[in-house]
Amino acid sequence: MSVNENDDHVIRPAGRHILTIGRELIQDPSAAVLELVKNAYDADSPKVRLSFQARDNDGITIIVEDHGHGMSKKTVLEAWLVPSTSDKLVRHKSPKGRILQGRKGVGRFAASMLGDILDMETVTETGERTRVLMDWMAFENSTYLDEVRIPVTTDWTNVSSGTRMTITGAGEFRTTWTKKQFDRLRKELKKLVVPTTLASDLQKEDDFDILLNIEGFGEDLDWNGTVEPFPVFDLYDYRIFGFVEKDGKGELIYHQKKFERNSIEEIIAINEKEIGRCGRIEVDIRVFDRESSSIGKLIQRGLKDESGNYIGKQEAQRLLNESCGVGVYRNGFRIRPLGDPDFDWLKLNHRRVQNPSMCIGSNQVIGFVRVQSEELSGLIEKSARDGLKENDAYEALKSVTTKIISKLEAKRFSLRKQAGLSRKVVQVEETLEKFFTLRDVRKKISKKLADHKVEPEVIESVMQSIDDAEQERDRQVEDILKEFSIYQAHAALGKLINIILHEARKPLSFFRNNAKNIEGLYKLYLKEGKIEIIKEKLLPVIALFPERCGRLTELFSRLDPLAADKREKPADFSLGLQIHHILDIFKHEADMNGVELQLIDDPRVFIHGWIQDIDAIFSNLLDNSLYWIKEKSSHTKKIWIEITADSKGKPLYIDYRDTGPGIDDTLIIEGSIFDPGFSMKPGGHGLGLAIAGEAARRLGFSLKALSNPGGVWFRMEAIEKTNQETL
């Protein structure tokens, strides 16, 4: 035969290929059982019965039985026995209208993980009965898949339609089913189907019951009954639920049961741009406080075990631990492992570590997210049944779900603050002043000495000593506040780093690129001695150097105050000029996002204090505004600052406004937005407005948010300082 002769060949899968897509592809035995349960659902069965029987010879028999429409011999041969068939993908719906779950065409082969032999008997509604016997070792021992012979027999019967799979195994298949594995299976089954409480709020699913029977494994393992969802779903402390359409517009309802006086439902409009990448979603997020007192109230609201008995706090904690997680459901069934207690796909625990006052942890939430089909959502389930493919749609789903949770977190934060359950917010200046003052001590000592008839000159001497001590403490307070303000300035500097890097990149790139050009032109001049080279090519480049150097010098000079390790004495400075400098730093980012920046200045206004405080205030405000205007895709994009003074040029107030999504009036009234830890940004630390508020107070202003339907409105209003010196 010629070596150049071309032949056509076919791919012959190895015999063990079936075991690879079944036994080795599926995560664990519980996952294998779930695949068979989904097949029963696809068959339009009203229920599925799972039976685990321990045999005397140390073997196991697993029976999966449904009462669906069954399969004809033709269907068995042309679909069921065809690996990776597109049958369900093409049909999409069952005869009774159920959205088909098994669309990869491999789920049934998961039975190879559960035993050595599969004996399947299926009966159609017309009475055609087909039996298939699968010996999985035959696939292991055959070189090629087409060498495996599978007995298939057919006859007619009067029994009702349905499918019964009997799986038998010994050795390792029996020992797999320990108490831990059975507990895991029951938990998986409890979370498999969307609970009725969720379905009634969103979209009612048709009934599908899961019956489980375990016998012969011992009293501590044997169990028989219908698998019910975890019983804590309706006993939440806080809840947010609703929908978001593909265009990003939707409606959420917030409700809480923790404080009866505030339990009115609140409707929240939502507009999230990322949602278009993952289709329409429906959510139901239920959150539980985990303090001991909160668990006690949860029990009082009716938390019971599966037998209907009230449980103690320890058992309640265990129950929450088992049922927590945010599950993702498609067509009524959960996509594993999203929603498992130890699979924190939304990184809730990471967020909580970053901001424990504001954010909830994964062990505090029982949530449900319903998504559309793969075709509509782009959310594609992995063949190994271990989650969703990490594509753009999945990232969008995570982003939008996290933002919805953050809305609940903001409501919860404010409510707990009202109830005194949050950490008390400390105003640093006021606290230090109260801590170090000796005024009350001075009055008490003076009165005591006078009451004891101490001579006035002695009293005056004692009072002078106290005054001296107080002056020393005032100097200590000033030093502490200076250090504190430096840390806040450094925090503000952190917000500007990305902007600074971007702004500095242009002149630095100019220097880097032209350094070689200048060197090359100079060498060319030395070689050819033509002065024209210097005049025409070199001098124009050199002429640009001062302007580029000026950019860098100006840029870093603006940062010097924020980066200082110590503060000079406070001084008078132009308020408008300093705000203008900060706007200049943010101008490039604003232009990139089409945001107009405007300053309505009053050049007469000078204030006394540290320039860094103005930088800290407005860098935080601008950073927030640009983020939210961009995040919410505001139609009109504008930020403007207006300085208002009296007839003598004394500042009265500075108004800061933008055209972003604004702030909820409830949060404005409660003042939560200025509390350290409060943040609506994903991954935010909640320090920006707290720092801005502290800086404003040092300058003799109060910073507050005002109600404004067209965006945020902050006002810095001058206050009279009493009983304290300007630092």
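**Group meeting: a walk through a predicted chain**

Let me begin with one residue, Thr 154, whose place is in strand 5, and I should say at once that what we are looking at is a predicted model. Thr 154 is partly exposed, with a relative accessible area of 34%. Setting aside the neighbours within four places in sequence, its contacts are with Lys 73, Glu 128, Arg 129 and Thr 130. Of these partners let me pick out Lys 73, which is 81 residues from Thr 154 in sequence, while the two C-alpha atoms are 7.0 Å apart in space.

I chose strand 5 as a starting point with confidence in mind, since strand 5, residues 152–156, is where confidence in the chain is highest, at a mean of 95, whereas the lowest mean, 48, belongs to helix 8, residues 196–201. Over residues 199–204 the pLDDT is below 50, and beyond near neighbours in sequence this stretch has 13 contacts in the model. The pLDDT is also below 50 over residues 722–727, a stretch that has 9 contacts in the model beyond near neighbours in sequence. Taken over the chain, the average pLDDT is 79, and 75% of the residues score at least 70.

Now the overall picture. The chain holds 22 helices and 22 strands, and of its 727 residues 48% count as buried. If we consider contacts between residues at least 6 apart in sequence, 72% of them join residues at least 24 apart.

Let me turn to a pair of helices. How do the axes of helix 9 and helix 10 cross? Helix 9, residues 292–300, and helix 10, residues 313–323, have axes that come within 10 Å and cross at roughly 90°, which makes helix 9 roughly perpendicular to helix 10. On the side of helix 9 the contact is made by Ser 292, Ile 295, Gly 296, Leu 298 and Ile 299, and on the side of helix 10 by Lys 313, Ala 316, Gln 317 and Leu 320. Sorted by class, that contact has 5 nonpolar, 3 polar and 1 charged residues.

Between helix 9 and helix 10 there is a loop, and Leu 303 is found in it. Leu 303 is buried, with a relative accessible area of 0%. The C-alpha atom of Leu 303 is separated by 9.8 Å from that of Leu 319, and the two residues are 16 apart along the chain.

Further along we come to helix 19 and helix 20. Helix 20, residues 611–631, has 21 residues and reaches 30 Å from its first C-alpha to its last, close to the 30 Å expected at 1.5 Å a residue. Is helix 20 mostly covered or mostly open? Mostly covered, I would answer, because 17 of its 21 residues are buried, that is, they fall under 20% relative accessible area. Just after helix 20, Ser 633 takes a positive phi of about 50°.

Helix 19, residues 575–592, contains Gln 578, and with a relative accessible area of 11% Gln 578 is buried. Leaving aside neighbours within four places in sequence, Gln 578 is in contact with Phe 573, Ile 611, Ile 614 and Asp 615. Of those partners, Ile 611, Ile 614 and Asp 615 fall within the residue range of helix 20, 611–631.

I would like to finish with the backbone, where a few residues deserve a look. The loop between strand 14, residues 333–334, and helix 11, residues 348–354, holds Pro 337, and the peptide bond leading from Arg 336 to Pro 337 is cis, with omega near 0°. Lys 347 is found in that loop between strand 14 and helix 11 as well. Its phi is near 55°, a positive value in a residue other than glycine, and Lys 347 is partly exposed, with a relative accessible area of 49%.

Asp 44 also has a positive phi, near 70°, and it too is a residue other than glycine. Asp 44 lies in the loop between helix 2, residues 29–42, and strand 1, residues 47–54. Is Asp 44 buried or exposed? At 6% relative accessibility, Asp 44 counts as buried, whereas Lys 347, as I said, is partly exposed.

Conventions
Residues are numbered from 1 along each chain as its sequence is written. This is a predicted model: local features need pLDDT of at least 70, side-chain atom pairs count only at pLDDT 80 or more; totals for chains, interfaces and linings use all residues. Side-chain values use heavy atoms; hydrogens and water are left out. pLDDT is the predictor's confidence in each residue, from 0 to 100. Helices (H or I, at least four residues) and strands (E, at least two) are DSSP runs, numbered from the N terminus. Contact means heavy atoms within 4.5 Å. Axes are lines fitted to C-alpha atoms, for helices over the stretch in contact, and angles run from 0 to 180 degrees between N-to-C directions. Angles under 35 degrees count as roughly parallel, over 145 as roughly antiparallel, 65 to 115 as roughly perpendicular and the rest as oblique. Ala, Val, Leu, Ile, Met, Phe, Trp, Tyr, Cys and Pro count as nonpolar, Asp, Glu, Lys and Arg as charged, and the others, Gly among them, as polar. The expected span of a helix is 1.5 Å times one less than its number of residues. Buried means under 20% relative accessible area, exposed over 50%, partly exposed in between (1.4 Å probe, protein chains only).
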